[in-house]
Amino acid sequence: ESKEFYCDVIADEAKKMNRMVQKLLTLNQIEFGNNQLSMQRFDVCQMIQNKINSSQILFKKKNTTVIFEEEAPVYVWADEYKVEEVITNYISNAINHCCNENIIKVNVEQIDKDNVRVTVYNSGKNIPEEDIEHIWEKFYKVDKARTREYGGNGIGLSIVKAIVESMGKQCGVRNVSDGVEFWFDLDCKL
């Protein structure tokens with residue numbers, strides 16, 4: 001029995017290491033410019049809705065309410081696969097750090113004639129001000145004990161930053177009164 005238990009632990013840890021290595025390889029490719037962008041026009045709202053739909057089990061498991069009310073298509077020019085990775089990362093982080101009312105809100109907003117901003121808010125604790133500038137660094141974790149709990153490795157947000165910057169755009173985070181809001185911009189001009 002104990003041999004089987006330890007084998008399961010080893011297999012689980014090996015899977016985590018494999019995911020971390022894959023993320024590091026992706027990050028290295030982006031940082032060194034070896035990752036070609038495949039820019040195309042697509043509806044970012046449909047992508048977000050698909051991601052929310054595919055994450056329903058996780059939302060229910062964490063007793064989380066997700067609010068995304070955008071119904072009209074919003075077309076952007078970007079690398080669809082990489083934008084999906086950014087959205088996946090933001091939503092995963094929101095799930096893992098959501099507390100209090102357990103609410104996640106996703107919003108798409110036209111900020112000027114050329115840019116759309118996607119925001120992902122989660123209710124919960126603010127990020128300490130001294131940590132905000134560091135969260136985009138590789139392996140940086142604000143709450144190491146809690147991150148270990150859900151298997152985080154501190155690479156996701158550095159990948160987000162590298163992806164967004166590779167498309168010539170910006171991303172960021174801000175504390176709000178009852179939680180945290182992450183954002184990134186996309187090109188929407190024709």
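**View A. Burial of helix α7 in the predicted model.** In this predicted model, helix α7 is mostly covered, eight of its 11 residues being buried. The buried residues of α7 are Gly156, Leu157, Ser158, Ile159, Val160, Ala162, Ile163 and Val164. After the helix comes Gly168, a residue whose phi is positive, near 75°.

**View B. A salt bridge within helix α7.** Glu165 and Lys161 form a salt bridge in which the closest N and O atoms are 3.1 Å apart. The two residues are four apart in α7, a helix that spans residues 156-166, and they are therefore separated by about one helical turn. Glu165 is partly exposed, with a relative accessible area of 46%, and Lys161, at 30% relative accessibility, also counts as partly exposed.

**View C. Salt bridges of Lys113 and Arg174.** The count of salt bridges in the model comes to five, and two of them are described in this view, beginning with the one between Lys113 and Asp114, whose closest N and O atoms are 3.7 Å apart. Lys113 counts as exposed, because its relative accessibility is 70% and the cut-off for that class is over 50%. Its partner Asp114 counts as partly exposed at 23%. In the salt bridge between Arg174 and Glu181, the closest N and O atoms are 2.2 Å apart. Here Arg174 is partly exposed, with 36% relative accessibility, whereas Glu181 is buried, with a relative accessible area of 14%.

**View D. Aromatic pairs and a cluster around Tyr90.** A search of the whole structure finds four aromatic pairs. One of them is formed by Phe5 and Tyr6, whose ring centres are 5.1 Å apart and whose planes meet at 75°, so that the pair is edge-to-face. Tyr90 and Phe184 also form an edge-to-face pair, with 5.8 Å from centre to centre and 65° between the planes. Because Tyr90 lies in helix α4 (residues 80-97) and Phe184 in strand β7 (residues 179-187), this pair ties together parts that are 94 residues apart in sequence. Both Tyr90 and Phe184 are buried, and together with Trp136 and Phe182 they form one aromatic cluster.

**View E. Charged side chains over aromatic rings.** The charged end of Lys105 sits over the ring of Tyr121, at 5.5 Å from the centre of that ring. In a second arrangement, Arg117 lies over the face of Trp183, and the distance to the ring centre is 3.8 Å.

**View F. Strand β4 and its partners β2 and β5.** Strand β2, which comprises residues 65-67, pairs with strand β4, residues 103-112, in the parallel sense over three bridges. Within this pairing, Thr65 has Ile103 of β4 as its bridge partner. Strand β4 is also joined by eight bridges to strand β5 (residues 115-123), and these two strands run antiparallel. The connection between β4 and β5 is a hairpin of two residues, and Asp112 stands opposite Asn115 in β5. Lys113 and Asp114, the partners in one of the salt bridges of View C, follow the end of β4 at residue 112 and precede the start of β5 at residue 115.

Note on methods
Residues are numbered from 1 along each chain as its sequence is written. This is a predicted model: local features need pLDDT of at least 70, side-chain atom pairs count only at pLDDT 80 or more; totals for chains, interfaces and linings use all residues. Side-chain values use heavy atoms; hydrogens and water are left out. A salt bridge is a side-chain nitrogen of Lys or Arg within 4 Å of a carboxyl oxygen of Asp or Glu. Buried means under 20% relative accessible area, exposed over 50%, partly exposed in between (1.4 Å probe, protein chains only). Rings of Phe, Tyr and Trp (its six-membered ring) pair if their centres lie within 6.5 Å; planes under 30 degrees apart count as stacked, over 60 as edge-to-face and the rest as tilted. A charge sits over a ring if NZ of Lys or CZ of Arg is within 6 Å of the ring centre and within 35 degrees of the ring normal. Two strands pair if DSSP finds at least two bridges between them.
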